[in-house]
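Me: I have a model open and want to learn how to read it. Where do I start?

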Amino acid sequence: MKMIYVLFLFALLSFTSHAAVNDFCVADLKAGNTTNTFNAALTSAFVADFPGVNGLGVSAARLDIAKGGSIPMHTHLAATELLIMVQGQISAGFMTPTALYTKTLKPGDIMVFPQGQLHFQVNSGNGKTTAFLAFSGANPEAQLLDLLLFGNSLPSELVAQTTFLEVEQVKKVKARFGGRG
């Protein structure tokens, strides 16, 4: 009789998780190269580069931000983000249509960014920062506002008109993000 219970439990568990058919992987979350426009690096363990999360509904990443660096305004359309501070200091926040939520995070602090909310992280300390991120999806996708606005081929005049910036400012930022027009 005990064998029937064990087999039933095993069958139940195997049907409730898609992960049972996947290989196991160990992430290599090394510090990323922060010599770029944002002075920041994201070393991801998303489904595309870490197949072990396939079917689990979660993913993770390591975030490194050099002094003076930032992760600009962005959203994750496919996941909520949980940030866990490890080293340094980050000023982080997100916006809703009616409110702004900001917090200065230090090692051991945690902040949650709801799915789809525009949010940011800025190194507000005196050295490099390190944090780990957990996402409620295997591929959280990110849409960076700066790249959406300035890394495109929309005419600079149109971007200026819709952002209330001067055309010359738009052209300068477009050059930084590879935009044309």
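What follows is a short walk from the overall fold to one annotated site and its surroundings.

Reply: Start with the status of the coordinates. This is a predicted model.

Me: How many helices and strands are there in the protein chain?

Reply: Count the elements, then read their order. The protein chain has four helices and 10 strands. From the N terminus, the order is α-β-β-β-β-β-β-β-β-β-β-α-α-α.

Me: What share of the residues in the protein chain is buried?

Reply: Burial is judged by relative accessible area, and buried means under 20%. Of the 181 residues in the protein chain, 31% are buried.

Me: And among contacts between residues at least 6 apart in sequence, what share joins residues at least 24 apart?

Reply: That share is 67% in the protein chain.

Me: Now the annotation. Where does UniProt place the feature "binding site"?

Reply: Treat a record as a pointer, then test it against the geometry. An unreviewed UniProt entry places "binding site" at His74, His76, Glu81 and His119. These residues span 46 residues in sequence, yet no two of their C-alpha atoms are more than 11.5 Å apart, so they gather at one spot. The lining of the largest pocket takes in His74, His76 and Glu81 from this set.

Me: Which elements hold these residues?

Reply: Map each residue to its element. His74 is in strand 3. His76 is in the loop between strand 3 (70-75) and strand 4 (81-87). Glu81 belongs to strand 4. His119 sits in strand 8.

Me: Are the four buried or exposed?

Reply: Compare each value with the cut-off for buried, under 20%. His74 has a relative accessible area of 4%, so it is buried. His76 is at 6%, and therefore counts as buried. Glu81 has 1% and is buried too. His119 has 0%, which makes it buried.

Me: Which polar contacts join their side chains?

Reply: Look for side-chain pairs and follow them from residue to residue. The side chains of His74 and His76 make a polar contact of 3.3 Å. The side chain of His76 also has a polar contact with that of Glu81, at 2.8 Å. From Glu81, a polar contact of 2.9 Å leads to the side chain of His119. Read in that order, the pairs link His74 to His76, His76 to Glu81 and Glu81 to His119.

Me: What else does each of them touch, leaving aside neighbours within four places in sequence?

Reply: Drop the sequence neighbours, then see what is left. Contacts of His74 include Glu81, His119, Gln143, Leu144 and Leu145. His76 touches, among them, Gln115, Gly116, Phe135 and Pro140. Glu81 is in contact with residues including Met111, Val112, Phe113, Gln121 and Leu133. For His119, the contacts include Pro72, Met73, Gly93, Phe94 and Phe113. Phe113 appears for Glu81 and again for His119. Phe135 appears for His76 and for Glu81.

Me: How do I read a pocket?

Reply: Rolling a probe the size of a water molecule over the atoms shows where empty space is left. Here, the largest pocket has a volume of about 230 Å³.

Me: How many residues line the largest pocket, and which lie nearest its centre?

Reply: The lining has 17 residues. Leu42, Ile71, His74, Ala142 and Leu144 lie nearest the centre. Of these, Leu144 is a contact of His74, and Ala142 is a contact of His76. Strand 1 (40-45), strand 3 and strand 9 (129-135) each supply at least two lining residues.

Me: How does the lining divide by residue type?

Reply: Sort the residues by class. The lining of the largest pocket has 12 nonpolar, three polar and two charged residues.

Me: One more case, a loop residue. Where does Gly125 lie?

Reply: For a loop, find the elements on either side, then check burial and contacts. Gly125 is in the loop between strand 8 (118-123) and strand 9. Its relative accessibility is 18%, so Gly125 counts as buried. Beyond four places in sequence, Gly125 touches Lys67 and Gln89. The C-alpha atoms of Gly125 and Gln87 are 9.8 Å apart, and these two residues are 38 residues apart along the chain.

Note on methods. Residues numbered from 1 in each chain as written. Predicted model: local features only at pLDDT ≥ 70, side-chain atom pairs only at ≥ 80, totals over all residues. Heavy atoms only, no water. Buried < 20%, exposed > 50% of the residue type's maximum accessible area, 1.4 Å probe, protein only. Contact = heavy atoms within 4.5 Å. Polar contact = N/O pair within 3.5 Å; in protein donor to acceptor, adjacent residues only side chain to side chain. 1 Å grid on protein atoms, 1.4 Å probe; cavity = no way out; pocket = protein on both sides within 12 Å on 5 of 7 lines; lining within 4 Å. Points joined across faces, edges and corners; volume = space filled by probe spheres on them. Nonpolar A, V, L, I, M, F, W, Y, C, P; charged D, E, K, R; others polar. UniProt positions renumbered as here; feature names shortened; annotations may be inferred.
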